[in-house]
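Take a moment to look over the chain before reading on. The paragraphs below lead from one marked residue outward to its surroundings.

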Amino acid sequence: SHTENSPVDVHMGWNKTQWLRRHLRQAHIHYKVLISNLQTEIEKQIGYRSSRKRRSEFQYDYEVYHPLEEIRSWMFEMNRTHPHLVDLFSIGQSYEGRPLYVLQLGKRTRPFKKAVWIDCGVHAREWIGPAFCQWFVKEALNSYQHDSSMRRLMNQLNFYIMPVFNVDGYHYSWKTDRFWRKTRSKIPKYHCRGVDANRNWKVKWCDEGASLHPCDDTYCGPFPESEPEVKAVAKFLRKHRKRVKAYISIHAYAQMLLYPYSYKYATIPNFNCVESAAQNAVSALYSAYGVRYRYGPASTTLYVSSGSSIDWAYKNGIPYAFAFELRDTGYYGFLLPETLIHPTCTETMRAVKTIASGLLKKCTK
């Protein structure tokens, strides 16, 4: 699903590298080795190191990656220590029976507030996603007292934050395969497991940019919403569709801000409003460290894909539907070092706050 003349990242076993180098040279394809030993990079992050020792929850370390159990106890802790701003609930169960937790953030001012949905960790190996969702919650709660812009957002909006969408896959990426992407559901008759949770939505399902084969990374599943995780989120968003004005899904990596459509090249009806929101978000992000993001419709900016969550959200009446592809552009890829969590989350925070603030103004474009 790559466009011509665009770079491609590949991941090879060490015994195949000579063969690949030879073939690339014969075909006159320019290449460079980005990471020569992936295993050592992986081991840096699952932390056989003392600095990962659990400090008390109060000094939760937002600048390391956390396994699922730690994220779960962190959610309970946020709920316990901020009763006036946080409400923790489960919207269903994963394939393997884990609860699907969502944190609702916002001042309980009035019953019918506009809302923003943010999910992270749709794809298991994109660890910077859940790290960002946690960062967002920390920032929203810690800056509520002294930051007037954050206070305004929390008073006027509700935020639904789902730190780990694909809980089974995320757990598996810690325990077994760091590069796992899909859910962990089993398809009868096939030995391959898992469905791409971003190809399983009920919108142009399993058309272009998705695979019908269970062993593929972009497998769309046996039918739309076959994955309990997708079904639960779709049900929740349908139930709150009148209030949810923005849907934001956090992915990695590419440094892009994408909006519909993913499945076709057509222009969305409210393109001017959405594009200008994206442009403002990307310049806010740039203002932190000068990191440039590309923005545009997913189909033309990244690639065509059917059954994606942003297309589904948009078709279901959520006017602003965005997917972020966070750092980087392939040097570390999915193995973004923990030292980059802080800058990545800081700049992304600016972009997300900008999108949320935009909802409080009427778009006149």
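UniProt annotations may be inferred rather than shown by experiment. Keep that in mind for the starting point. The unreviewed UniProt entry lists Glu325 under "active site". The model itself is predicted.

Where does glutamate 325 lie? Its place is in strand E8. Is glutamate 325 buried or exposed? A residue counts as buried when its relative accessible area is under 20%. Glutamate 325 has 10%, so it is buried. Now look at what surrounds it. Setting aside neighbours within four places in sequence, glutamate 325 is in contact with His251, Ala252, Tyr253, Ala254, Gln255 and Met256, and also with Leu258, Tyr293 and Leu302. One link is polar. The side chain of glutamate 325 reaches the backbone nitrogen of alanine 252 at 3.4 Å.

Follow that link to alanine 252. Two rules of thumb help here. Most peptide bonds are trans, and most residues other than glycine have a negative phi. The bond from alanine 252 to tyrosine 253 is cis, with omega near 5°. Tyrosine 253 sits in the loop between strand E5 (244-252) and E6. Glutamine 255 is found in the loop between E5 and E6. Glutamine 255 is not a glycine, yet its phi is positive, about 60°. Its relative accessibility is 14%, so glutamine 255 counts as buried.

Lysine 189 makes a useful contrast. Its phi is near 80°, a positive value in a residue other than glycine. Lysine 189 lies in the loop between helix H6 (167-175) and helix H7 (228-239). Is lysine 189 buried or exposed? Exposed means over 50%. Lysine 189 has a relative accessible area of 84%, so it is exposed.

Next, go back to the end of E8. Strand E8 covers 320-326, and a loop runs between it and helix H11 (341-358). Arginine 327 is in this loop, and so is aspartate 328. A cis peptide bond joins arginine 327 and aspartate 328, with omega about 0°. Arginine 327 has 11% relative accessibility, so it counts as buried. Which side chain does the side chain of arginine 327 meet in a polar contact? The partner is glutamate 347, at 2.7 Å. Beyond its neighbours within four places in sequence, arginine 327 is in contact with several residues, including Ala252, Tyr253, Gln255 and Tyr293. Those four names also appear among the contacts of glutamate 325.

Now step into the strands. Strand E6 (residues 256-259) pairs with strand E7 (residues 294-297). The sense is parallel, over four bridges. Leucine 257 stands opposite tyrosine 295 in E7. How does the chain get from E6 to E7? It crosses through helix H8 (residues 271-289), in a right-handed β-α-β crossover.

Finish with a helix. Helix H5 spans residues 148-156, and its buried residues are Met150, Leu153 and Met154. They cover an arc of only 95° around the axis, so they are on the same side of H5. What covers them? The cover includes strand E2 (99-105), helix H4 (128-142), strand E4 (157-162) and H11. Helix H11 also bounds the loop that holds arginine 327.

Key:
Residues numbered from 1 in each chain as written. Predicted model: local features only at pLDDT ≥ 70, side-chain atom pairs only at ≥ 80, totals over all residues. Heavy atoms only, no water. Pairing = 2+ DSSP bridges. Helix = DSSP H or I, 4+ residues; strand = E, 2+ residues; numbered from the N terminus. Right-handed = clockwise from strand over helix to strand, strands pointing away. Buried < 20%, exposed > 50% of the residue type's maximum accessible area, 1.4 Å probe, protein only. Contact = heavy atoms within 4.5 Å. Polar contact = N/O pair within 3.5 Å; in protein donor to acceptor, adjacent residues only side chain to side chain. Arc of directions from axis to C-beta.
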